[in-house]
Amino acid sequence: MTGEELLALVADIPSNYNPNTFEMFAKWVPALPPGEFVDFGTGLGKSVTAIALLNPGLKITTVDNGVPYNWLAAEYRSNIINALDSHDVLTRVSFYIADSLS
C-alpha cells in the first residue's frame with residue numbers, strides 16, 4: 001500500500017501529520033515483526049489507525065492526555081474508540097487517557 005492509498009483510507013480522521021509521514025508508515029510499518037507496539041500521542045487516532053491497518057500482526061497501545069481537545073475524558077475516549085472501530089482495528093488497539101510520561 002502506498003502512503004497516498006493509506007491517507008485515503010484514514011481521510012476521515014483529522015491530523016496535522018504531513019503526507020510524507022504516511023509514506024514512511026507505508027514503507028516501514030509493514031516490515032515490523034508481529035508483537036507489541038507503543039504509540040505516544042494518539043491525537044485523534046489517525047496515525048495509530050494507519051499503523052494498525054498496515055500491520056495486522058501488531059498489538060498496539062496508544063496513550064494521550066487529550067490536550068488540546070476541549071472534550072471531557074469520556075467524550076474523548078468515545079471519539080477515539082469510534083475512529084478505531086470504524087476502521088475495524090479496535091480489537092488490536094488499546095487506548096489510554098494518560099500523560100505519556102506516566
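Two residues are in contact here when heavy atoms of one lie within 4.5 Å of heavy atoms of the other. With that in hand, a good place to start in this predicted model is Thr49, which sits in helix α3. Leaving aside residues up to four places away in sequence, Thr49 touches Val10, Ile13, Leu84, His87 and Val89. Thr49 has a relative accessibility of 0%, and anything under 20% is called buried, so Thr49 counts as buried.

Thr49 has plenty of company in its helix. Eight of the nine residues of α3 are buried, so this helix is mostly covered. The buried set is made up of Lys46, Ser47, Val48, Thr49, Ala50, Ile51, Ala52 and Leu54. And what does the covering? Among the elements that cover these residues are the helices α1 (3-9), α2 (19-28) and α4, along with the strands β1 (35-40), β2 and β3.

One of those neighbours, α2, shows another arrangement. Its buried residues are Phe22, Phe25 and Ala26. Looking down the axis of α2, these residues fall within an arc of 95°, so they line one face of the helix. They pack against α1 and α3. On the other side of α2 come Lys27 and Trp28, and both of these are exposed.

Next comes α4, which covers residues 73-86. This helix has 14 residues, and from its first C-alpha to its last it reaches 20 Å, close to the 20 Å expected at 1.5 Å a residue. Tyr76, Ile80, Ala83 and Leu84 are the buried residues of α4. Seen down the helix axis, they fall within an arc of 95°, and so they line one face of α4. The cover over them includes α3 (46-54), β2 (58-64) and β3 (93-97). Leu84 ties back to the opening paragraph, as it is one of the residues that Thr49 touches. Turn to the face of α4 that points away from the buried side, and the exposed residues there are Ala74 and Ser86.

Two spots in the backbone on either side of α4 deserve a look. Ahead of the helix, in the loop between β2 and α4, lies Pro68. The peptide bond that leads from Val67 to Pro68 is cis, and its omega is near 20°. Past the helix, Asp88 is located in the loop between α4 and β3. Asp88 has a phi near 60°, which is a positive value in a residue other than glycine. Is Asp88 buried or exposed? Its relative accessibility is 66%, and the mark to beat is 50%, so Asp88 counts as exposed.

Finally, there is the empty space to consider. Rolling a probe the size of a water molecule over the atoms shows where such space is left. The largest pocket found has a volume of about 150 Å³. Its lining includes Pro14, Ser15, Asn16 and Tyr17, then Gly41, Thr42, Gly43, Leu44 and Gly45, and also Lys46, Ser47 and Tyr69. Sorted by class, the lining has seven polar residues, four nonpolar ones and one charged one. Two names on that list have come up before: Lys46 and Ser47 are among the buried residues of α3, and they also help to line the largest pocket.

Technical notes
Residues numbered from 1 in each chain as written. Predicted model: local features only at pLDDT ≥ 70, side-chain atom pairs only at ≥ 80, totals over all residues. Heavy atoms only, no water. Helix = DSSP H or I, 4+ residues; strand = E, 2+ residues; numbered from the N terminus. Expected span 1.5 Å × (residues − 1). Buried < 20%, exposed > 50% of the residue type's maximum accessible area, 1.4 Å probe, protein only. Arc of directions from axis to C-beta. 1 Å grid on protein atoms, 1.4 Å probe; cavity = no way out; pocket = protein on both sides within 12 Å on 5 of 7 lines; lining within 4 Å. Points joined across faces, edges and corners; volume = space filled by probe spheres on them. Nonpolar A, V, L, I, M, F, W, Y, C, P; charged D, E, K, R; others polar.
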